[in-house]
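Here is a friendly walk through a protein model for someone meeting it for the first time. Keep the viewer open as you read.

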Amino acid sequence: MRIDGTVAPGYTAVRDAFAANFAYQGEVGAAVCVYRDGEPVVDLWGGLADPDTGRPWERDTLQLVYSATKGVVAAAAHLLVQRGQLDLDAPVARYWPEFAAAGKGEIPVRWLLTHQAGLAAIDKPVPLADALAWTPMVDALAAQAPNWVPGTDHGYHGRTYGWLVGEVIRRITGRTVGQLLAEDIAEPFDIDFFIGLPAAEQHRVSRLVFAPKPDLTALPDELVPEQVRPMVAALRDPESLANRAFQITDPPDIDFNSPAVHAAEIPASNGIGTARGLARLYAALVGELDGHRLLTADTLDAAIREQTRGLDRVIMLPDRYASGFMLPIADLTLGGPNSFGHPGRGGSLGYADPKRTLSFAYVTNHIVENALDLRAHNLVEALQTALA
């Protein structure tokens, strides 16, 4: 498999791991990028952007990264905090008055970012067209009663996170989160990443290829590993939060290969960019990029301070959150104990390590959803070897 791009001296282990993912891990098309002290030290891509047509992955191929988008949205929110426009500890209703319905008047903005607001699911799924149109979905969330007493627990707002945080951003700035990203982050920092893809960029997008998804719910109880038994039990219950949190639209489900979905803003799930773009964004969070920095050190320190940890009542697995960013745990180490970032469904990953002034991004079009997917892990391990 042909691998294009560059690696700086000392980082060839990452290139070797990237090539090995194609040889042994079933990679289809992918890219990986690492910035250190504001400079790219790894920038690689390879494989097929569309295996149906044979279109190769190019330097500017764009990839949908699912929940890795959440870290981008968090960066946008903290930019408003830095500007004095957003107080994370103020009630959401200060900025979005309709949100106060159903007893939600005291929920602070921070709980939207930390998955503590209790709005992971909605009682009545909305038509897909309404979800893509934005306003009907945020109206439904404003009217929704919490799924649990807000602030008493945390649970992954897998789909709703982006509409919730995005509407606060829209109420403050008059711009969607995608517009804010484009105008205040992407353009000044030369970041190739979109929430709400312009039609002129659609030709660059790779095609998602889905690996068969293992059905853990079909396993006999005695074969289910103990640590995932609560998650499996939740998945077996069609009324569980684990299922309802990702069933917030009426059939058909969201087709993430659809140009209409790419053009819409689903800021928890449909960010589209290059690995280089995602790595540059995280690089701008932890240090200077071309002489400028997106967040000050003080803003970043507050943004990545732990807010909650423990068993997530939606996905029923342990996790740990700062304000919008995921923090490392034993089973998801990101880039080590000092790192912060966010993974995405099927493999994508973006993170930064402020102690090392380091950022990492890996994107892939082969969506693999099982514990044996080692592609990102192999790249991170190779990077750690290079840094050592």
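What follows is a tour of a predicted model, with stops at strands, hollows and a few odd backbone spots.

**The record and the overall make-up**

Let's start with what the record says. UniProt, in an unreviewed entry, places the feature "domain: Beta-lactamase-related" at residues 19-370. Across residues 19-370 the chain is 30% helix and 16% strand. The C-alpha atoms at the two ends of that stretch lie 21 Å apart.

**Strand S3 and its partners**

A good place to zoom in is strand S3, which covers residues 39-50. Is S3 mostly covered or mostly open? It's mostly covered, with nine of its 12 residues buried.

S3 has several pairing partners. Strands in a sheet pair through backbone hydrogen bonds, and they can run parallel or antiparallel. Here is how the pairings with S3 look, along with one other pairing we'll get to shortly.

| Strand pair | Bridges | Sense |
|---|---|---|
| S1 (residues 3-7) and S3 | five bridges | antiparallel |
| S2 (residues 29-36) and S3 | eight bridges | antiparallel |
| S3 and S4 (residues 55-56) | two bridges | antiparallel |
| S5 and S8 (residues 272-273) | two bridges | antiparallel |

Val42 is a handy landmark in S3. Val7 stands opposite Val42, and Val34 has Val42 as its bridge partner too. Further along, Leu48 has its bridge partner in S4, namely Pro56.

Two hairpins also involve S3. S2 and S3 make a hairpin with two residues between them, and Asp37 in that turn has a positive phi of about 55°. The hairpin of S3 and S4 has four residues between the strands. There, Gly54 takes a positive phi near 80°.

**A three-stranded open sheet**

Elsewhere you'll find an open sheet made of three strands in the order S5-S8-S6, with antiparallel pairing. Which strands sit at the edges? Those are S5 (63-64) and S6 (193-194), and each of them pairs on one side only. To find where S5 meets S8, look for Gln63, which stands opposite Gly273 in S8.

**A cavity and a pocket**

Next, the empty spaces. How many cavities of 30 Å³ or more turn up in a search of the whole structure? The search finds one. The elements that give two or more residues to the lining of the largest cavity are S3 and helix H12 (275-286). About 50 Å³ of space lies in that largest cavity.

S3 is back in the story here, as it supplies the largest share of the lining, three residues. The lining includes Asp43, Leu44 and Trp45, and among the other lining residues are Trp57, Glu58, Thr274 and Arg276. By class, the lining of the largest cavity has five nonpolar, two polar and four charged residues.

There are pockets to look at as well. The second largest pocket holds about 170 Å³ of space. Its lining includes Asp301, Arg305, Glu306, Arg320 and Lys355, along with Pro328, Pro337 and Pro354. Sorted by class, the lining of this second largest pocket splits into five nonpolar, two polar and five charged residues.

**Gln144 and Ala102**

Now for a pair of loop residues that touch. Gln144 is in the loop between helix H6 (135-143) and helix H7 (160-173). Why does Gln144 count as buried? Because its relative accessibility is 6%, which is under the 20% limit for buried. Setting aside neighbours within four places in sequence, Gln144 is in contact with Ala102, Lys104, Leu119, Ala121, Ile122 and Asp123.

Ala102, one of those contacts, sits in the loop between helix H3 (92-95) and helix H4 (109-113). Ala102 counts as partly exposed because its relative accessibility is 41%.

**Backbone oddities**

Most residues other than glycine have a negative phi, and most peptide bonds are trans. Ala102 goes against that, with a positive phi of about 60° although it isn't a glycine. Thr357 isn't a glycine either, and has a positive phi of about 50°. You can spot Thr357 in the loop between strand S12 (349-353) and strand S13 (358-364). With 24% relative accessibility, Thr357 counts as partly exposed.

The last stop is a peptide bond. From Pro251 to Pro252 the bond is cis, with omega near 5°. Look for Pro252 in the loop between helix H10 (241-244) and helix H11 (259-263).

Terms used
Residues are numbered from 1 along each chain as its sequence is written. This is a predicted model: local features need pLDDT of at least 70, side-chain atom pairs count only at pLDDT 80 or more; totals for chains, interfaces and linings use all residues. Side-chain values use heavy atoms; hydrogens and water are left out. Two strands pair if DSSP finds at least two bridges between them. Buried means under 20% relative accessible area, exposed over 50%, partly exposed in between (1.4 Å probe, protein chains only). Contact means heavy atoms within 4.5 Å. UniProt positions are given in the numbering used here, feature names are shortened, and annotations may be inferred rather than shown by experiment. On a 1 Å grid over the protein atoms alone, a cavity is a set of points where a 1.4 Å probe fits but cannot get out, and a pocket is an open set with protein on both sides within 12 Å along at least five of seven lines; lining residues have an atom within 4 Å of a point. Grid points are joined across faces, edges and corners, and a volume is the space filled by probe spheres set on the points. Ala, Val, Leu, Ile, Met, Phe, Trp, Tyr, Cys and Pro count as nonpolar, Asp, Glu, Lys and Arg as charged, and the others, Gly among them, as polar.
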